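Colleague: I'd like to learn how to read salt bridges in a model. Could you walk me through it?

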Amino acid sequence: MTLQQEIVGNAMQMAVVSLRPGQTVYCEAGKFLFKTTNVTMETRLTGPSNGQQPQGGPSAGAGGGMGGMLRQAMGTAMQVGQRVLAGESIAFQYFTSQGGEGTVGFAGVLPGEMRALELDGTRAWFAEKDAFVAAESTVDFGIAFQGGRTGMKGGEGFVLERFTGHGTVIIAGAGNFIDLNPADFGGRIEVDTGCVVAFEEGIQYGVQRVGGLNRQGLMNAVFGGEGLSLATLEGNGRVILQSLTIESLANALKKAQGGDKQGPTGGMFSTNAG
């Protein structure tokens, strides 16, 4: 059953979720905004489909006993290690409505839009790092690492969040969203690497050099503000882009404070330290 939620606000949107009795929603630590008193909150290191006790108690079947506990602990450690390596929060917060309907509010961390994606179990969704806000407990959260070559060239594209299962997942980005399908544009679009928010499984994501190593290619890289690479998205499926990148927001704030390090050329000559 679809998660009952409403996305409200304009410049910085919020998601207000209505929970049925016993229904659970989870979020990345730091995205919680408010809740009603009948909604319980629990913080765990594991995702929704992991770390659960087997049916029949701790000694049930081959998954029980000390071996089962050890496998569970190792699985938790691997999950936490992946999220730490990806720069994600190491914990999730779970909210469950008790004794009636409850309400929980979530918010992103940047001025921008939010979007509720519905998963039917046939296609996964991939999203940029930190896009995840909240999801039903029937949706699994994972980390997908791009190939070393693509990741090194693409920057933001090296680590992706991966959502599978059935139910609703809520994501957030910066600025305004636009939905595109590469199939409507000849099967392929080229995008600033920081503008990709999310895309469906089946879309091929890659990174290509901006032009060749010639005069115009160097002009694009040095003065165009895009660096040496663009993201490429190919196939037939939904793609969500954002109008504002974290890097451009950070540069605008530095410039307003008199600390602009981008310089007149931008692009590959940017002196941003982080």
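Colleague: Let me start with one residue: is Arg188 buried, partly exposed or exposed?

Modeller: Arg188 is partly exposed, at a relative accessible area of 31%. Buried means under 20% relative accessible area, exposed over 50%, and partly exposed in between (1.4 Å probe, protein chains only). Keep in mind that this is a predicted model, where local features need pLDDT of at least 70 and side-chain atom pairs count only at pLDDT 80 or more, while totals for chains, interfaces and linings use all residues. Residues are numbered from 1 along each chain as its sequence is written, and side-chain values use heavy atoms, leaving out hydrogens and water.

Colleague: Which residue forms a salt bridge with Arg188?

Modeller: A salt bridge is a side-chain nitrogen of Lys or Arg within 4 Å of a carboxyl oxygen of Asp or Glu. Here the partner is Glu234, with the closest N and O atoms 3.1 Å apart. This pair links distant parts of the chain, Glu234 in strand S17 and Arg188 in strand S14 (residues 188-191), 46 residues apart. Strands (E, at least two residues) are DSSP runs, numbered from the N terminus. Glu234 is partly exposed, at 32% relative accessibility.

Colleague: How many salt bridges does the structure hold?

Modeller: Nine. One of them joins the side chains of Arg44 and Glu42, at 3.4 Å from N to O. Glu42 is partly exposed at 41%, and Arg44 is partly exposed at 23%.

Colleague: Where does Asp179 lie, and where Arg238?

Modeller: Asp179 and Arg238 form a salt bridge, their closest N and O atoms 3.3 Å apart. Asp179 lies in strand S13 (residues 177-180) and Arg238 in the loop between strand S17 (229-234) and strand S18 (239-242), so the pair ties together parts 59 residues apart in sequence.

How values were computed. Helices (H or I, at least four residues) and strands (E, at least two) are DSSP runs, numbered from the N terminus.
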